[in-house]
Amino acid sequence: MQFQQLQYFVAVAETRHFTRAAERVHVSQPSLSQQIRALEKELGAELFSRARGNIALTDAGEALLPLARRILADADTARHEVQELAQLRRGRVRLGATPSVCTGLLPDVLRAFHDLHPGIELLIEEGGSHDLVRGLARGALDLALVVLPLPAPSPALTAVELLQEDLVVVSSAASPAPRRPVRIADLQGEPMVMFRHGYDLRELTVAACRAEGFEPAFTVEGGEMDAVLGFVRAGLGLAVVPRMVAARAGPDLRVTALARPGLRRTIALAHRSDVAPPRAARELQRLLLRTRGAGPREPGADV
């Protein structure tokens with residue numbers, strides 16, 4: 001089956017006339033008729049009923065028509081998109097990231113990418129690593145910034161470590177200064193503000209407390225990153241957050257380090273290994289990989 005044959009078939013189906021169809025696609029009528037017959041021979045079915053000069057689609061023709069139109073439309077779209085993306089004048093990148101990474105790492109990186117490629121649309125999806133891995137698997141995301149280890153390791157995913165960062169404790173600047181540095185055991189009995197279920201930070205913090213033999217005490221739980229920081233500012237409790245988030249938290253939050261060995265997390269850039277990311281996504285991937293090993297900026301006092 002040839003692409004040109006599908007063009008001729010659609011032209012006849014829409015005009016219901018071989019001569020007018022030939023004029024539309026700029027070929028002679030005998031050439032068009034020959035290609036239609038060749039297509040019918042290859043498919044093993046007649047596509048048009050030619051009774052008494054009336055051209056009508058057969059059942060086979062009716063079945064082929066929407067598929068042929070879709071193929072032709074996809075080809076036109078592909079041609080246009082490839083031409084545009086070759087120069088990175090326009091396009092789209094679908095990037096998934098955990099909320100804390102969106103708050104800490106991404107603003108500066110996305111600003112740099114936008115300055116380089118202002119025509120590229122950036123679509124950001126926030127979620128936990130579980131959800132982001134599923135988004136990659138079903139093709140809804142081009143790239144994802146996830147926390148290692150992956151929740152469900154898959155040979156269809158490739159993950160490259162970007163950086164490791166410490167977790168720190170944040171508290172209201174108006175509250176009494178905690179002992180420095182804070183041990184995980186010191187959090188026993190302390191009022192804590194906790195993220196919603198599905199947050200990697202929630203799972204990591206709760207697991208660390210249980211490893212010390214206690215359950216954390218929550219005053220408020222179920223929030224997203226901005227909400228959690230707001231509750232801490234209001235004096236509702238402590239929270240354990242990434243260092244890169246604490247660096248942007250502002251002067252109304254106190255940042256305190258965790259005593260060694262502390263808590264660390266590993267951020268990785270993941271994509272499907274069986275499908276190459278689009279050109280624009282590869283450019284963002286290259287920019288993100290430049291942050292590998294650089295680490296987040298240091299927060300202010302008390303760390």
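1. A disulfide, for the purposes of this note, is a pair of cysteine sulfur atoms within 2.5 Å. Going through the whole structure, which is a predicted model, the search turns up zero of them.

2. While on cysteines, here are two worth a look. Cys-209 has a relative accessibility of 1%, so it counts as buried. Cys-102 comes in at 16%; the cut-off for buried is under 20%, so Cys-102 counts as buried too.

3. Now the interior. How many residues does the largest nonpolar core have? The count is 57, and the residues with the most contacts inside this core are Leu-106, Leu-145, Val-241 and Leu-284. Strand E6, residues 157-172, supplies the largest share of the core, at six residues. As background, nonpolar side chains in soluble globular proteins tend to be buried together.

4. If you want one residue to click on in that core, try Leu-284. Leaving aside residues up to four places away in sequence, Leu-284 touches Val-93, Leu-95, Val-109, Leu-110, Phe-113, Leu-122 and Leu-143.

5. There is also a second core, separate from the largest one, with 21 residues. Among its members are Leu-6, Val-12, Leu-57 and Leu-64.

6. Next, strand E11, residues 264-272. Is E11 largely enclosed or not, and why? Seven of its nine residues are buried, so the rest of the structure largely encloses this strand.

7. The pairing of E11 is easy to trace. With strand E6, E11 pairs in the antiparallel sense over nine bridges; on this strand, Ala-268 has Glu-161 standing opposite. With strand E5 (residues 143-148), the sense is again antiparallel, over five bridges. Ala-270 in E11 is the bridge partner of Ala-144.

8. Helix H2, residues 18-25, is a good one to view end-on. Its buried residues are Phe-18, Ala-21 and Ala-22. Looking down the H2 axis, these fall within an arc of 100°, so they line one face of the helix.

9. What covers those buried residues of H2? The cover includes two helices, H1 (3-15) and H3 (29-43), along with strand E1 (48-49).

10. Last, a backbone detail to check on your screen: His-26, just after H2, takes a positive phi of about 65°.

Conventions: Residues are numbered from 1 along each chain as its sequence is written. This is a predicted model: local features need pLDDT of at least 70, side-chain atom pairs count only at pLDDT 80 or more; totals for chains, interfaces and linings use all residues. Side-chain values use heavy atoms; hydrogens and water are left out. A nonpolar core is a set of buried Ala, Val, Leu, Ile, Met, Phe, Trp, Tyr and Cys residues joined through side-chain atoms within 4.5 Å. Buried means under 20% relative accessible area, exposed over 50%, partly exposed in between (1.4 Å probe, protein chains only). Helices (H or I, at least four residues) and strands (E, at least two) are DSSP runs, numbered from the N terminus. Contact means heavy atoms within 4.5 Å. The arc is that of the directions from the helix axis to the C-beta atoms. Two strands pair if DSSP finds at least two bridges between them.
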